[in-house]
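Thanks for making time this morning. I would like to walk you through one structure, going slowly for anyone who has not seen it before, so please have a look at it as we begin.

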Amino acid sequence: MGKVRTSYIAKEKLAAISYAEAHGNRAAGREFGCNEACVRLWRKQKPSLLRQKKTNGLSEVSRPSSLN
C-alpha cells in the first residue's frame with residue numbers, strides 16, 4: 001500500500017524554512033519528515049506563507065450568508 005500524504009500548516013512550513021536556511025534543504029527534510037523538494041518549494045513560497053495565518057495555514061474563506 002502507498003504512503004499516506006502528510007499536510008503541513010504554515011507554522012510548520014515556516015519552521016522548516018528557518019531550519020533549512022541554517023542547515024540546508026536536505027537536513028530540513030530529514031528533520032521534518034518531508035522531501036527535500038518540498039522544503040525547496042516552501043522556501044520559494046515563503047512570502048505568501050508569512051501573509052497567511054500561522055495557526056491553520058489556510059486563508060480565510062468567506063461563505064455567503066445564505067449558507068451560514
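Let me start with a single residue: in which helix is glutamate 12 found? Glutamate 12 lies in helix α1, and I should say straight away that we are looking at a predicted model. Because its relative accessibility is 36%, glutamate 12 counts as partly exposed, that is, between the 20% below which a residue is buried and the 50% above which a residue is exposed. Once its neighbours within four places in sequence are set aside, glutamate 12 is in contact with Ser7 and Phe32. Phenylalanine 32 is 20 residues away from glutamate 12 in sequence, while their C-alpha atoms are 8.6 Å apart in space.

Now let me step back to the whole chain. The protein chain has 4 helices and 0 strands, so to speak a run of α-α-α-α when you read the elements from the N terminus on. There are 68 residues in the chain, and 22% of them are buried. The accessible surface comes to about 5,500 Å², with 50% of that belonging to carbon and sulfur atoms. If we take the contacts between residues at least 6 apart in sequence, 51% of them join residues at least 24 apart.

Which residues make up the largest nonpolar core? There are 10 residues in all, namely Ala10, Leu14, Ala16, Ile17, Ala20, Ala28, Cys34, Val39, Trp42 and Leu49. The elements that give two or more residues to this core are α1, residues 10-23, and α3, residues 36-44, and α1 provides the largest share, with 5 residues.

That brings me to how these two helices meet. The axes of α1 and α3 are 9 Å apart, and the helices pack at an angle of about 100°, which means that α1 is roughly perpendicular to α3. On the α1 side the residues involved are Lys13, Ala16, Ile17, Ala20 and Glu21, and they meet Val39, Trp42 and Arg43 in α3. Sorted by character, the residues of this contact are 5 nonpolar, no polar and 3 charged. Alanine 20 deserves a separate mention, since, leaving aside neighbours within four places in sequence, alanine 20 is in contact with Asn25, Ala28, Val39 and Arg43.

Let us turn to helix α2, residues 25-32, whose buried residues are Asn25, Ala27, Ala28 and Gly29. What covers these buried residues includes α1 and α3. Is glycine 29 buried or exposed? Glycine 29 is buried, because its relative accessible area is 4% and the limit for a buried residue is 20%. Not counting residues up to four places away in sequence, glycine 29 touches Cys34 and Val39, and the C-alpha atoms of glycine 29 and arginine 40, which are 11 residues apart along the chain, are separated by 9.3 Å. Just after α2, glycine 33 takes a positive phi of about 70°.

Finally, I would like to point out arginine 51, which is found in helix α4, residues 46-51. With a relative accessibility of 67%, arginine 51 counts as exposed. Computed along the sequence, so to speak, arginine 51 is 41 residues from alanine 10, yet their C-alpha atoms are 9.6 Å apart in space.

Conventions
Residues numbered from 1 in each chain as written. Predicted model: local features only at pLDDT ≥ 70, side-chain atom pairs only at ≥ 80, totals over all residues. Heavy atoms only, no water. Core = buried A, V, L, I, M, F, W, Y, C linked by side-chain atoms within 4.5 Å. Buried < 20%, exposed > 50% of the residue type's maximum accessible area, 1.4 Å probe, protein only. Contact = heavy atoms within 4.5 Å. Axes fitted to C-alpha atoms, helices over the stretch in contact; angles between N-to-C directions. Parallel < 35°, antiparallel > 145°, perpendicular 65-115°, else oblique. Nonpolar A, V, L, I, M, F, W, Y, C, P; charged D, E, K, R; others polar. Areas by Shrake-Rupley, 256 points an atom, 1.4 Å probe, with all protein chains shown as cover.
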